[in-house]
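Please look through the structure below with its confidence values in mind, since the paragraphs that follow take up burial, confidence and nonpolar cores in turn.

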Amino acid sequence: MPLQPTLGSGLPATHISRTEGHFLATLHVADLATGTAVATVTLHADPARQNEAQTAVPEHPAPSEVEDIARRQAIDQTRRLYSQWKENQEFAYMDDKECNLRQSWDLLKAGNYSGLLRAARANAESCHAGPKAEAAAWYDLGIAHMLLQHYEGALTAFDRSQKLHDIREASDLVDRCKRDKAFAEALAHQVVTWMQAEPKTTTATAEVETGIIFDDDLVIRLVQGNVEDADIVKLIATQPNRFALSPDDLAKLRDAGVPEAIVNAMLARKR
Amino acid sequence: MLLGSIAGPCSREFGDLLRQDLLAHGVAVVSDRELTSAAAEHHVQVSLPLSGASAELGRALGPTDLISVDISHC
């Protein structure tokens, strides 16, 4: 908050306008598999900014600017928790001179993904430097979407890129996007299903009840989300289901890449 | 990693910063956006933070942590 201007000691007099920010929060991390708390961290930041002048009372630093600094300092304090979640991501990024791609590369290096998305979109939409450069601009837009987990936007941009010029890396990234999208959706569906489930008492020897109602679509999502076949078979064997297993349904499962062992487990469960 | 409830003053601004920072550090995030979409499909209300989970399913889906933040002053 802005403080009343003060007169500094000594001569000449100095007017100081100071704005302080305060941020206090508690961050909790819980393991979904066990429900146990993994970490609890207090985030605390009290930044201050001031303007000084000798002839007149200066403007106060904008409160919004100091609040933003406080939030960013708090974010810095969360980073030591990240190491366990880090995943290596490797991809090629086009930094050609044409269509401002080199400038967006600087945003990517700085980790400013929102800025990258805005710049990459502007680059792609305004680029008229020939099919190869335009394909590179759309490819980079796909990367920007992917980094923000906007999978639909990424797939659209990669598709646009591929129609202009074949960039070898793009097809791999399309597959990766589809996989990540399927996994994110599968995980979200599982969590929603947990929330629907009634709490159930289990004994040490009983099967674990997850509350999942398995259907064909969920099986496909898990397969496309790269969940291990053995885990899917185990879940099919123990969880309630609403499988549709007509010849057409079975063909659809196989077309979607569901392995035969999983199809057989579904059939066995339905008998 | 599941980004759960960010509650309190300036929760939206802090949540956006946190999500962006996690992504910038290569952390895969499933946000309440996917959850909301899935919940709408199942005609249920999403209520975070979540409680109750299954070790079986946790193993099947891989390591999944839920992060939530209670902001008391901003």
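Of the 74 residues in chain B, 35% count as buried, a residue being buried if 20 or more other C-beta atoms, placed from the backbone, lie within 10 Å of its own. This is a predicted model, in which local features need pLDDT of at least 70 and side-chain atom pairs count only at pLDDT 80 or more, while totals for chains, interfaces and linings use all residues. Residues are numbered from 1 along each chain as its sequence is written, and chains are lettered from A and ligands numbered from 1 in the order in which they are written.

Chain B runs β-α-α-α-β from the N terminus on, helices (H or I, at least four residues) and strands (E, at least two) being DSSP runs. Its average pLDDT, the predictor's confidence in each residue from 0 to 100, is 69. Among its elements, strand β2 (residues 65-73) of chain B has the highest mean, 88, and helix α3 (residues 55-61) of chain B the lowest, 43. Over residues 46-62 of chain B the pLDDT is below 50. Where pLDDT is low, the predicted coordinates should not be read in detail.

The largest nonpolar core (buried Ala, Val, Leu, Ile, Met, Phe, Trp, Tyr and Cys residues joined through C-beta atoms within 7 Å) has 28 residues, and L116(A) and W138(A) are among those with the most contacts inside it. The largest share of this core, ten residues, comes from α4(A). A second, separate core of 21 residues includes A45(A), L2(B), L66(B) and I71(B).

Definitions and conventions
A residue is buried if 20 or more other C-beta atoms lie within 10 Å of its own, exposed if 12 or fewer, and partly exposed in between; C-beta atoms are placed from the backbone. Two residues are in contact if their C-beta atoms, placed from the backbone, lie within 7 Å.
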